[in-house]
Every structure is written in structure tokens, then in C-alpha cells.
Amino acid sequence: MTAPLLESPIWHPFTQHGLEEAIPRIVRGEGAVLHTDDGRTLIDGISSWWVTTHGHCHPRIVAAIAEQAARLDQVIFAGYTHDPAEEVARGLVAMTPEPLRHVFFSDSGSTAVEVALKMALGYWHNIGKPRHRILVLEHGYHGDTIGTMSVGERGVYNRAYSPLLFDVSSIPFPAVGREDATLAALEAACASEETPAAFIVEPLILGAGGMLMYGPQVLRAMADICRKHDVLFIADEVMTGWGRTGTFLACEQAGVVPDILCLSKGITGGSLPLAVTLATAPIFDAHYSTDRALQFFHSSSYTANPIACAAAAANLAIWREEDVLATVARVSQGLQGHLDRLASHPAFENPRRTGAIAAIDLKVGDAGYLSGLAPLLRNFFLERGLLLRPLGNTIYIMPPYCIDADQLTRIFTAIEDAAVLVE
Ligand SMILES: *Cc1c(COP(=O)(O)O)cnc(C)c1O
């Protein structure tokens, strides 16, 4: 199809420009609300794609950004350092389990995961026991670069690139009642002749895979199997970190300490792109040497950008000084109340929640209809002043923590009304 002369030269992510879907122009953000250029307001029900934690334009974070921007905007990070990065690194080490002692900066969730994979492979290479196989969880999502697509679920979104994606071993998702099959498959994969280098998981919730939830006991059991077989355990907490699941890290609920931890999204409160990959001493030590060939070969231009780090430092201060988890608990209770109400509605099924992430599925009989349902729902919500972006027939709510009871009610009223779309 030849595109006509379009209004804007911008090629948007995950957008089919050929369908002429509305692309609202946002001019201002404030708390849980976004303002459009034509004077409408939208309640941000998905934290602007899972990044905004406290709320849009949090005054402390905005002030930290402004101050840092005027002082030092950017500096090379190979061989140089600066206060905001040091503050963030020390703060993260203090907030995470003791064995995670080393902090590597990058700029997105995808790069945090790429770094984690390279650290794991580098570890086995540098200690002279090369391993290359990565274990993944079915329906997982870890980013959109070639490496992170390789460890994620395969489907329409990466079919064009599939010959270039590296081979991994996929462990079945631990659906309720099928946990034993997951653990048995993991056990077998860990014990296989080609001993895996690492297992990468999204703890407690698989986000892009459909807000699929599993319990802390399974997470713990999976980590224990990896530990037993000396397979590195990588926790991708890019979505689950920063209180989303009710605790600072989802891993805490399972008493799991990963060998490598990926954080991004909420690290700056959702204000600027930044990511970190934390590692334990053995991983760092495998790269620690007088031999330059053993150093960790990874960098991007904006590694530990000082302005982004200042935003993260302000976010860490908020976490230290305010009871963020009490706010998350309030949101979680609000979500549960609404889910309970919808649970008996004939149009919905599988109400579920982990911390401040709630999801429910619209019952759809016809799979063909399903493919067009998500954009239909998105528009339905947009017309009602809500930013929601369902995954297929799964409607999920992952609001900024400042959302109030009235705003939650508006979201759930619209969700209930959306039942007409499948009637
Ligand atoms: C969003 C996400 C990523 C990718 O993060 P980007 O910043 O979009 O690159 C990786 N892992 C998980 C679990 C995510 O939810």
C-alpha cells in the first residue's frame, strides 16, 4: 500500500498508520492526568506504558532535572564519573539485597536486559567454562532489540526477524495447577548436557505476554532449581520494580535474590530514560582483572546521563522519605474492590491482581474478532477520557500511584460499559 501524504513525518511505535487511528497530541501531564492540545483530559490508566510511578511531573523530580540540566548535562562515562550516578548506584545497592553490589548503567529496559545477558555469557566465558544457552519463560517479554526478542515470546511482532533470533529453551508458563510441569521442565533443562548459562524471568507477572500472574512460591522454586544447578538467575524487574507488585521488587515476595537484576521504567519515576543492571560479586569479579580483554565490553553514548541520574536520585529520595508502599497498597485495595465487583459480570473472566496491577479478560468467542478488539477498546476508552491500551482481550490497569478513588471509578465504569463491544 502506498501511503498518502501524511500529516506528520513521525513513524510511531506499535502503530499501523494505514488504519488512520487517532493519535492524540499531549501537551501537559499532571499527576494521573494528561492534557491534550484540544483541551481534553485523559486519565493515565497505564502509567504511560508502565513508567510513571508517583505521577506525571512530580515536583521534586522536575526540580532535580532542572537543576542538573543547568549544572552538567552529559559526560562520557567510560573512565569518568559524576555525583548523580554515584548517588543512584549507592542508593540502589542500599535498597536491594546485599549480594547485588555492582551497578551498570544503560538507558532502557531492553539495554538493561542485553547487558544482563552479556554479563551472564561474559561470566562463563571469563571463568573458562563457556556456556551459551539461555532459558526463558513461555510468553515472556524482555524488549524489542534482536537479543531481547530472542529471549522473548515469538509471534507476529518478530516474525520478520526470526531467522536472526538466537535459539533459546522455553520453559512452560506456570499457569495455576500446572506449576509442577514448569518446575520439571526447568529441572530437565538445567540438567541437560548443554548446561544453560542463565534463566531469565519476569518475576510474578509477565507483562506484555498478557499480564499473566504466578505466585511467589513458584518463583522461589524456579530460583532454587537454578541455584542447585549453578545456572545464573536473571530477574527482569523492568516492569515489576519500583513498587508495582506491592513490594519494591517482586523478587522480595519470594525471598529470591537474583544473580543479575534489571531495572528501568520507574527508576526515574518515569520521567527520563535510564536503566541499570545490578550484579553480584562473582559476576563482577569474573570481569575484574589486570587484563583489558576481560573487561565488560558494553556502552552506549548516554550511559548514566547526569540529568537522568539526577531524576533517579530524586526518585530514590522520595522512596527513602515517603511511604510509597502505603500509597501502592491503597491503590491495590481500590483495584481489588472494583475487580471484585466485575468478577460476577457475565462479559468478563479471569479477574486478577498483583499489587497495583489489575487485569481482567473480556470473554470473546471468535478468535478472528479478537485481533481487532484491542484497537476498538482503545478508542472506546479514549472517547471516555481514558488512556488504556488492552492486550488483545485483556484489559489491564496499571495506574500512577497518585490516582484517586474517583479516577479509578471512572476507569472501571468504562471497562464495565465496554462489555457492549462483545455483546
Ligand atoms: C518494557 C519492558 C522491557 C523493555 O523496556 P524498554 O525500556 O521498552 O526497552 C523489558 N522487560 C520488561 C519486563 C518490560 O516490561
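This report describes a sheet, a helix packed on the sheet, a pair of helices and the cysteines of a predicted model.

**The sheet**

Seven strands form an open sheet in the order β4-β12-β11-β10-β7-β5-β6, and their pairing is mixed. The edges are held by β4 (100-106) and β6 (169-171); each has a single partner strand, so one side of each is left without a neighbour in the sheet. On average, neighbouring strands are turned by 20° against each other, direction ignored.

Strands of a sheet pair through backbone hydrogen bonds, either parallel or antiparallel. Three of the pairings are listed below.

| Strands | Sense | Bridges | Residues that stand opposite or are bridge partners |
|---|---|---|---|
| β4 and β12 (residues 275-280) | antiparallel | six | H102 and A279 |
| β7 and β10 | parallel | four | I200 and I234 |
| β10 and β11 | parallel | three | I234 and I260 |

I234 of β10 thus appears in two rows, with I200 as a bridge partner and with I260 of β11 as another.

How many residues of β10 are buried? Five of its five residues are, and the strand is mostly covered. In a regular strand the side chains alternate between the two faces of the sheet. In β10, L232, I234 and D236 point one way, while F233 and A235 point the other way. The buried residues include the charged-type name D236 as well as I234.

Helix α4 (residues 109-126) packs on this sheet. It touches β4, β5 (134-137), β7 (198-201), β10 (232-236), β11 (260-263) and β12, and its direction makes about 25° with that of β12.

**Helices α3 and α9**

Two packed helices are described by the angle between their axes and the distance between the axes. For helix α3 (residues 83-95) and helix α9 (residues 306-321), the axes come within 8 Å and cross at roughly 35°. The crossing of α3 past α9 is left-handed. On the α3 side the contact is made by P84, A85, E87, V88, G91, L92 and M95. On the α9 side it is made by P306, C309, A310, A312, A313, L316, W319 and R320. By class, this contact has twelve nonpolar, one polar and two charged residues.

**Cysteines**

Zero disulfides are found in a search of the whole structure. For C190, the nearest cysteine sulfur is that of C226, 4.5 Å away, and C190 is in no disulfide. C190 is buried, with a relative accessible area of 3%. C309, one of the α9 residues in the contact with α3, is also in no disulfide; the nearest cysteine sulfur, that of C262, is 17 Å away. C309 is buried, with a relative accessible area of 0%.

Conventions. Residues numbered from 1 in each chain as written. Predicted model: local features only at pLDDT ≥ 70, side-chain atom pairs only at ≥ 80, totals over all residues. Heavy atoms only, no water. Disulfide = S-S within 2.5 Å. Buried < 20%, exposed > 50% of the residue type's maximum accessible area, 1.4 Å probe, protein only. Axes fitted to C-alpha atoms, helices over the stretch in contact; angles between N-to-C directions. Left-handed = near helix turned anticlockwise from the far one by under 90°. Contact = heavy atoms within 4.5 Å. Nonpolar A, V, L, I, M, F, W, Y, C, P; charged D, E, K, R; others polar. Pairing = 2+ DSSP bridges.
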